[in-house]
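I open this page to record what I looked up in one model, entry by entry. The topics are the fold, the contact between the chains and the DNA.

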Number of protein chains: 2
Amino acid sequence: MAENITYTLHELVSALDSYADEVLRDQYDVSFSQFQFLAILATEQPSDLSHLATCLGVTRAAVSKRVPSLVAGGWITTSDDPENARRVMVSLTPAAEDLVRLASADLEEAFASMFADPRLDPATTPGALSVTALNAHLNTLTSILHDKGHC
Amino acid sequence: MAENITYTLHELVSALDSYADEVLRDQYDVSFSQFQFLAILATEQPSDLSHLATCLGVTRAAVSKRVPSLVAGGWITTSDDPENARRVMVSLTPAAEDLVRLASADLEEAFASMFADPRLDPATTPGALSVTALNAHLNTLTSILHDKGHC
DNA sequence: ACCCTGTTGTCAACTGGTTGACAAGACGGA
DNA sequence: TCCGTCTTGTCAACCAGTTGACAACAGGGT
């Protein structure tokens with residue numbers, strides 16, 4: 001077992017990411033980062049590039065470069081903001097909305113069954129924690145050292 | 001608070017990383033990824049490129065490309081393995097050993113004081129968890145979905 | 001009306017990773 | 001000994017992010 005909690009966290013995150021990536025590629029033929037882009041856009045729709053960039057935690061330039069391929073793939077559409085000629089507004093296509101809905105449910109179910117492991121059950125393992133309680137703790141930790149969330 | 005635990009984990013990790021990066025740049029003039037490279041090498045010294053790559057969780061090519069600049073910076077030295085002419089063995093310089101020792105202690109202290117927040121104290125917050133207990137839970141989670149560690 | 005300042009998207013150049021191909025050496029079995 | 005196979009490091013090409021610069025537009029104060 002890793003002694004250092006930062007090391008543990010990196011391991012866990014990369015394990016979760018690669019698992020999610022595998023599921024998404026197998027069943028929906030999209031990468032994890034594509035799904036992430038679309039899933040976040042789904043909750044912020046319609047959004048301009050800048051806002052999307054801060055939500056994704058990347059720079060405007062990075063988002064700007066990803067847009068053309070997502071448009072070509074039929075996942076998003078761009079439009080003008082009549083209020084501001086500089087702004088580029090982005091929305092999901094119906095196909096992307098379906099994808100986000102189905103894949104989110106799939107991933108959630110996959111994680112739930114993974115978290116159903118007996119080693120995480122307080123009834124069998126003394127001191128174990130429910131996932132929601134764990135999530136709350138991690139959120140507390142995050143808010144302690146990084147007060148402002150992205151969105 | 002983020003509802004999704006994977007999202008929470010990403011937030012926490014990136015917050016921890018950028019905090020560590022800031023501390024290391026301010027006080028030791030190295031980046032987080034440089035420190036990471038040296039700190040892992042410190043526990044595996046001396047090591048060939050392949051082993052170092054698996055410990056770092058990157059490819060051999062990535063390590064191969066980083067070596068020249070670390071040698072130029074006076075952090076590592078390379079030598080031949082008399083047993084195997086293909087192998088390139090890597091070791092820390094004394095300066096790097098000092099850096100790893102001092103910076104590790106500094107970071108550990110910084111994290112400890114961060115984790116001393118009252119919101120994480122079981123005495124004041126019912127249901128709160130010690131960092132070591134949290135670490136154990138995260139390790140359990142990791143081992144459930146990704147049995148093999150890097151090193 | 002005009003300027004100053006801030007916002008927004010895009011670009012070129014760079015960084016640090018990946019993949020796939022490859023050559024050099026290690027090594028065991030026929 | 002020689003051959004097939006594995007390991008090891010390196011390379012070119014690529015990918016997805018960053019930074020810093022920039023131009024276009026928005027909007028407020030004078």
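The entries below go from the single chain to the pair and then to the two DNA strands.

**Ground rules.** I am working with a predicted model, in which local features need pLDDT of at least 70 and side-chain atom pairs count only at pLDDT 80 or more, while totals for chains, interfaces and linings use all residues. Residues are numbered from 1 along each chain as its sequence is written, chains are lettered from A and ligands numbered from 1 in the order in which they are written, and side-chain values use heavy atoms, with hydrogens and water left out.

**Chain A.** I looked up the secondary structure of chain A and found six helices and three strands, taken as DSSP runs (H or I of at least four residues for helices, E of at least two for strands) that are numbered from the N terminus. Along the sequence the pattern reads α-α-β-α-α-β-β-α-α. The C-alpha atoms of chain A fill a box of roughly 60 × 35 × 20 Å along the principal axes.

**The two copies.** I then superposed the copies by least squares on the C-alpha atoms of residues with pLDDT of at least 70 in both. A turn of 180 degrees with a shift of 0.0 Å along the axis lays chain A on chain B with an RMSD of 0.1 Å. The two copies are therefore related as by a two-fold rotation axis. The same surface serves both copies, since 100% of the contact residues of chain A recur in chain B, where contact means heavy atoms within 4.5 Å.

**Between the chains.** The contact takes 45 residues from chain A and 45 residues from chain B. The area buried between them is about 4,300 Å², of which carbon and sulfur atoms give 75%; this is the accessible area (1.4 Å probe) that two parts lose on being put together, summed over both. I counted zero salt bridges between the chains, a salt bridge being a side-chain nitrogen of Lys or Arg within 4 Å of a carboxyl oxygen of Asp or Glu. There are six residue pairs in polar contact, both residues at pLDDT 80 or more (a pair of N or O atoms within 3.5 Å; within protein, one must be able to donate a hydrogen and the other to accept it, and residues adjacent in sequence count only if both atoms are side-chain atoms). On the chain A side, helices H1 (5-28), H2 (32-44), H5 (94-114) and H6 (131-145) each supply at least two residues.

**DNA strand D.** I found 19 residues around DNA strand D, with A:Thr59, B:Ser50, B:Arg60, B:Ser64 and B:Arg86 the closest; near here means a heavy atom within 4 Å. A side-chain N or O atom of B:Ser50 is 2.6 Å from a phosphate oxygen of this strand, whereas one in the side chain of B:Arg60 is 2.4 Å from a base nitrogen.

**DNA strand C.** Of the 20 residues around DNA strand C, A:Ser50, A:Arg60, A:Arg86, B:Thr59 and B:Lys65 come nearest. The side chain of B:Lys65 has an N or O atom 2.7 Å from a base oxygen of strand C, and a polar side-chain atom of B:Arg86 lies 3.1 Å from a base nitrogen. For the backbone, I noted an N or O atom of B:Ala85 at 3.1 Å from a phosphate oxygen of DNA strand C.
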